[in-house]
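This report goes through one protein structure part by part. Please keep the sequence and the 3D view open while reading.

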Amino acid sequence: MNTPVTIIGAGLGGLTLARVLHVHGVPSTVYEAEPSPTARTQGGMLDIHHDNGRPALQAAGLIEEFRGLILEGRQATRVLAPDGTVLLDEPDDGTGGRPEVQRGALRQMLLDSLPAGTVRWGRKAGAVRALGGGRHQVTFADGTTATADLLVGADGAWSRVRPLLSDAAPEYVGISFIETYLLDGDTRHPASAKAVGGGALLALVPGKGIQAHRESGGTLHTYAALSKPQDWFTGIDLTEPAAATARIAREFDGWAPELTALLTDGDTAPVLRPLNALPKGHRWDRTPGVTLLGDAAHLSPPNGEGANLAMFDGAELGKAIAAHPDDTEAALTEYEQALFPRSTEAATEAARDFDLCFGDNTPHSLIALLTGNAQPH
Ligand SMILES: Cc1cc2nc3c(=O)[nH]c(=O)nc-3n(C[C@H](O)[C@H](O)[C@H](O)COP(=O)(O)OP(=O)(O)OC[C@H]3O[C@@H](n4cnc5c(N)ncnc54)[C@H](O)[C@@H]3O)c2cc1C
């Protein structure tokens, strides 16, 4: 049986939408490409912001559950020079207001809050076509189909729903991250663990850097950033982890060994994450029966906002649908009228933050950003 709302993608945005709809008594079905909730480690810590992530969790009725996931002390931030000199050391004094949680735990919390069977795993959307009258048919990679009365693309950067609404496609922003993990850092990698400190470490120079975060269980999660064309990375064989990380680490020759060890001592194979963005101000004309949220709508360079924004979009859309039970178009119009200016502003801020982190004036501009002294955008 069809539910009133069909959501493509069980990321944080799609699941927040499903949960807020559920809170309002509106059933939905979420189709997710991955075969199971544990198919991929969800990676990374997220800090939840008071102006978007938190109100989304409030709308989802999950604030208490969320509080149980917060990892204390993780808001500490250190900025290091390449030689390991400490340039900024901000402890987590409990007043930061940006509580940190594991992304995987947050996603699981949302999954646990939905009625059984809401998420259909292993259903990768391929073609999506309009049937007229605001209805759409989604064909999945396994050959099955679903018909949607209201279709929401929550399927991330490479959304298969987005082409129904716009021709925009993500473009490479010129920087890629290489992701590594050191497990049990305090015991097995004490020098690197000390450099990272209790929360986040940032060691950035123009066009490159090493960023790491202390996760639960003393795991040190690192993104090395390099400003290189995408072709440059294709020459590195990531299936040979030792050679690949040694090659990446050569770009950081002369940096303190406790920093480069975050790359070369990795306990898991490195993962390449090219960074892409949709054009700033991406929007579309109102099209009956379909909309987008999260990265599908406004993919931007990472500045710690994307997951928060996706959850906020999901909550706002859920509330709008619930407020107009018999008028889908009124709900989508209301949602998009707020979405477009909000996303444009967020994308502008993301581009600015990215430049402050990796542009010519870093690390001074980074420190200004972290201490609240950056020029307003
Ligand atoms: C390196 C990096 C670090 C980041 N760090 C942070 C951070 O610290 N804080 C923060 O707030 N944001 C961060 N972000 C941004 C954040 O990850 C995204 O903005 C956020 O995940 C977007 O959520 P979403 O639900 O829109 O999409 P996604 O999280 O991408 O979820 C989309 C879901 O759709 C599924 N899917 C995709 N295609 C299909 C298909 N065809 N059919 C069915 N299902 C499909 C995917 O498997 C996935 O489950 C970071 C991003 C990057 C790249």
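The sections below deal with the ligand site, the helices, the sheets and two backbone details.

## The model and the ligand site

The structure is a predicted model. A ligand sits in it, and 32 residues are found around that ligand. Those that come nearest are Gly9, Gly11, Gly156, Gly294 and Gly306. By type, the shell is made up of 14 nonpolar, 10 polar and 8 charged residues.

Where does the ligand lie with respect to domain 1 and domain 2? Domain 1 covers 5-71, 100-169 and 278-356, while domain 2 covers 171-277. Both domains give residues to the shell, so the ligand lies between them.

## Helices around the ligand

Which elements give two or more residues to the shell around the ligand? They are helix 1 (12-23), helix 10 (295-298) and helix 11 (306-323). Helix 11 provides the largest share of the shell, with 4 residues.

Helix 1 and helix 11 also pack against each other: their axes come within 7 Å and cross at roughly 30°. An angle under 35 degrees counts as roughly parallel, so helix 1 is roughly parallel to helix 11. The crossing of helix 1 and helix 11 is right-handed.

## Other helix pairs

Helix 1 has another partner in helix 4 (residues 103-112), and the axes of helix 1 and helix 4 come within 9 Å, crossing at roughly 30°. Helix 1 is therefore roughly parallel to helix 4. Helix 1 passes helix 4 in a left-handed crossing, whereas it passes helix 11 in a right-handed one.

Helix 11 also meets helix 12 (residues 328-358), where the axes come within 8 Å and cross at roughly 160°. Angles over 145 degrees count as roughly antiparallel, so helix 11 and helix 12 are roughly antiparallel to each other. Their crossing is right-handed.

## An open sheet of 7 strands

One open sheet has 7 strands in the order 5-4-13-14-15-12-16, and its pairing is mixed. Strand 5 (86-90) and strand 16 (271-277) are the edge strands, each pairing on one side only. On average, neighbouring strands in this sheet are turned by 20° against each other, direction ignored.

Strand 12 (171-182) is joined to strand 16 by 6 bridges, and the two strands run antiparallel. To find one of these places in the 3D view, look for Phe177, whose bridge partner in strand 16 is Arg273.

## An open sheet of 3 strands

Another open sheet contains 3 strands in the order 8-9-10, with antiparallel pairing. Why is one side of strand 8 (125-132) and of strand 10 (145-148) left without a neighbour in the sheet? These strands stand at the edges and each has a single partner strand, so one side of each has no neighbour there. Neighbouring strands of this sheet are turned by 20° on average, direction ignored.

Strand 9 (residues 135-140) and strand 10 run antiparallel and are joined by 4 bridges. Gln137 stands opposite Thr147 in strand 10.

## Two backbone details

Most residues other than glycine have a negative phi, and most peptide bonds are trans. Asp184 has a positive phi, near 55°, and is a residue other than glycine. Asp184 is located in the loop between strand 12 and helix 5 (185-188).

The peptide bond from Thr362 to Pro363 is cis, and its omega is near 10°. Pro363 belongs to the loop that runs between helix 12 and helix 13 (364-370).

Terms used
Residues are numbered from 1 along each chain as its sequence is written. This is a predicted model: local features need pLDDT of at least 70, side-chain atom pairs count only at pLDDT 80 or more; totals for chains, interfaces and linings use all residues. Two strands pair if DSSP finds at least two bridges between them. Axes are lines fitted to C-alpha atoms, for helices over the stretch in contact, and angles run from 0 to 180 degrees between N-to-C directions. A residue is near a molecule or strand if its C-beta atom, placed from the backbone, lies within 6 Å of it. Ala, Val, Leu, Ile, Met, Phe, Trp, Tyr, Cys and Pro count as nonpolar, Asp, Glu, Lys and Arg as charged, and the others, Gly among them, as polar. Domain bounds come from an automatic or database domain assignment. Angles under 35 degrees count as roughly parallel, over 145 as roughly antiparallel, 65 to 115 as roughly perpendicular and the rest as oblique. A crossing is left-handed if the near helix is turned anticlockwise from the far one by less than a right angle, and right-handed if clockwise.
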